[in-house]
Amino acid sequence: MAANKETNVYDYVIIGAGSAGCVLANRLSEDENISVLLLEAGPDDTKAEIHVPAMVRCLLNSEIDWSYQTVPQKHACLAMNDQRSNWNKGKVVGGSSSINMLKYVRGAKEDFDSWERLGAEGWSYDKVLPYFLKSENNTSESHVESGYHSKGGLLTISSGSTKSKFAETVLEGASEIGFKIQDVSNCADPVSFGCAQYTMKDGKRCSTSVAFLNQDVRGRANLKIWTDALATKIVFEDKRATSVEILKNDEKDTVHVRKEVILSAGSIGSPQLLMLSGIGPRDHLESLGISMLCDLPVGENLQDHIMTIIRCNASDRALSQDTEKAMVDGFVKTEEGLPWPDMQITGFFEYYLFRGLEKSVYRFRDEFSETLEHSSCAEMDAKEGYSFLLGLLHPKSTGNVKLHSRDPLDYPIIDPHYLEDPSDIKTMIKGVRVTQKLINAEAVKKLGITPAYFQFPNCPHEMDSDEYWEHVIRHISLPYLHAAGTCKMGAEDDPSAVVNPALRVRGLDNVRVVDASVMPHLTSGNTNAPTIMIAEKGADLIKQNM
């Protein structure tokens, strides 16, 4: 059934054409009797740089980036202007899958088993693995043969280079200190090191727009995609959504819905729109004069991975001529008995990936930008070196998203409370020690790779002490941009949950949230792949009218 052009009526209205929304639009419009409208606040993905992975830095803080900022942080981001961090989120068809670093990382088996134990029935690893496999077209035969990957799906996954001398050296060192070398973080037990895989096809970015909204799909008569269309409010009759108010090209319009409104606007956009529509914490909404519809903890439970950096140099100039550049990922447990890896260690070549971004993206103050600029070995080319990113996978610190005002054009207030829980900094320091052990492995050491310690202004601590590294981490605190959890999924009677395991907003008849905001807690790694999985499973739940 096509939409009624006179009154803009659709069966399903999907808000947000990001990592989840593009998947949903494809899967729901497979039924030609169902009409689907996909709304995207930004433009289509026609910008040429989107499709060239090496051009990713040109996309940050551009017109296709929401360019959010956090509030000043008390315990982290101390080297940044006003102690705020930028949160880059894609404002374009494909969402953040159009501007991210392309990594395909599912997480650990225990991540999803834990979701189910917390009340997300049907979301255990065994139940979600088929949805990872459904999307996937893995170009690595060895990965497919492992049983954890598949071919023939819409999303092409490619391996990073295995010919990189740097990658080969780091993997040899990881093996030397006791880690498995394998398909990293896309198998049941990801505690290991390996070369990353990417959402990439024939050397180009394979965003969810490229994968799920090709020309054939866009040509379906029952699917409409509106760009530059910002949803500003969901309108209800009693507890049933009847329409969505939008700004399209700066003009007000309304679209009507027969079946469901589906929010896929991400962990910032989805809670913002729910709260603007009267669904959220009572005290907060009433303080802004917003009429209350459902009192739910929308915007709470905000989680993000946070990382710091260890920069290294190498005396072996052969490494600086390594023509095959590859990232190496390691997922480690910093102590025995943990249910999942708690740190992600990413080694990469050429720290010019960060050069020039210290101020524009990471907002470092001048004195700290200079510290980063000069933490290199004089004999190395100015653009060459090595870095290890250390990411905290399961932070105890959680934050929130709140409205700034009733105006949908006002950006929300984002407070991740980075490193507020003291255990987070302790875990990250343990991660530093694991990384140092790797750097000191014979395979790595023989190439002369050494850390380039930061000479921080006014740092009172002895170099390489735990206190020194706490100082470094609290100052050089980089957001991983994996925001999740603000529309938490849980049991129907869980007061901390916003949506039930069918992704329906509790207390409402026909509104679902399908994106990373429903994660009860973060997964052990980058979040794009799990978000695509959530959309694949969410599409089936919608089709089954669960």
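**Exercise 1. Is Asp45 buried or exposed, and what is the relative accessible area of Asp45?**

*Solution.* The structure is a predicted model. Step one: the relative accessible area of Asp45 is 10%. Step two: buried means under 20%, so Asp45 is buried.

**Exercise 2. Determine which salt bridges Arg218 forms with Asp44 and Asp45, and place the partners in the chain.**

*Solution.* Step one concerns Asp44. Arg218 forms a salt bridge with Asp44, and the closest N and O atoms are 2.7 Å apart. Arg218 belongs to helix α7 (residues 215-218), while Asp44 belongs to the loop between β2 (36-39) and β3 (68-69); the pair, 174 residues apart, links distant parts of the chain.

Step two concerns Asp45. Arg218 also forms a salt bridge with Asp45, where the closest N and O atoms are 3.7 Å apart. Asp45 lies in the loop between β2 and β3 and Arg218 in helix α7, so this pair ties together parts that are 173 residues apart in sequence.

Step three adds accessibility. Arg218 has a relative accessible area of 23% and is therefore partly exposed. Asp44 is likewise partly exposed, at 24% relative accessibility. Asp45, at 10%, is buried.

**Exercise 3. Describe the salt bridge between Lys445 and Glu442 and state where both residues lie.**

*Solution.* Step one: the two side chains meet in a salt bridge with an N to O distance of 3.2 Å. Step two: both residues lie in helix α14 (residues 442-445), 3 residues apart, which is about one turn of the helix. Step three: Lys445 is partly exposed at 42% relative accessibility, and Glu442 is partly exposed with a relative accessible area of 48%.

Salt bridges that share partners also join Arg27, Glu30, Glu536 and Lys543 into one network. The count for the structure comes to 23 salt bridges.

**Exercise 4. Locate Ala229 and identify which residues Ala229 touches.**

*Solution.* Step one: Ala229 is found in strand β12 (residues 229-237). Step two: the relative accessible area of Ala229 is 2%, so this residue is buried. Step three: leaving aside residues up to four places away in sequence, Ala229 touches Leu39, Glu40, Ala41, Ile246, Leu247 and Lys248. Step four: for one of these, Leu39, the separation from Ala229 is 190 residues in sequence and 5.9 Å in space, C-alpha to C-alpha.

**Exercise 5. Characterise the second largest cavity by its volume and its lining.**

*Solution.* Step one: a search of the whole structure finds 3 cavities of 30 Å³ or more. Step two: the second largest cavity holds about 50 Å³ of space. Step three: its lining consists of Leu302, Gln303, Asp304, Ile306, Leu392, Pro395, Ser397, Pro416, Tyr418, Leu419 and Asp424. Step four: these lining residues divide into 7 nonpolar, 2 polar and 2 charged.

**Exercise 6. Report the confidence of the model for the chain and for residues 376-383.**

*Solution.* Step one: the chain has a mean pLDDT of 91, and 91% of its residues reach 70 or more. Step two: over residues 376-383, pLDDT stays under 50. Step three: for that segment the model has 16 contacts beyond four places in sequence.

Key
Residues numbered from 1 in each chain as written. Predicted model: local features only at pLDDT ≥ 70, side-chain atom pairs only at ≥ 80, totals over all residues. Heavy atoms only, no water. 1 Å grid on protein atoms, 1.4 Å probe; cavity = no way out; pocket = protein on both sides within 12 Å on 5 of 7 lines; lining within 4 Å. Points joined across faces, edges and corners; volume = space filled by probe spheres on them. Nonpolar A, V, L, I, M, F, W, Y, C, P; charged D, E, K, R; others polar. Salt bridge = Lys/Arg side-chain N within 4 Å of Asp/Glu carboxyl O. Helix = DSSP H or I, 4+ residues; strand = E, 2+ residues; numbered from the N terminus. Buried < 20%, exposed > 50% of the residue type's maximum accessible area, 1.4 Å probe, protein only. pLDDT = per-residue confidence, 0-100. Contact = heavy atoms within 4.5 Å.
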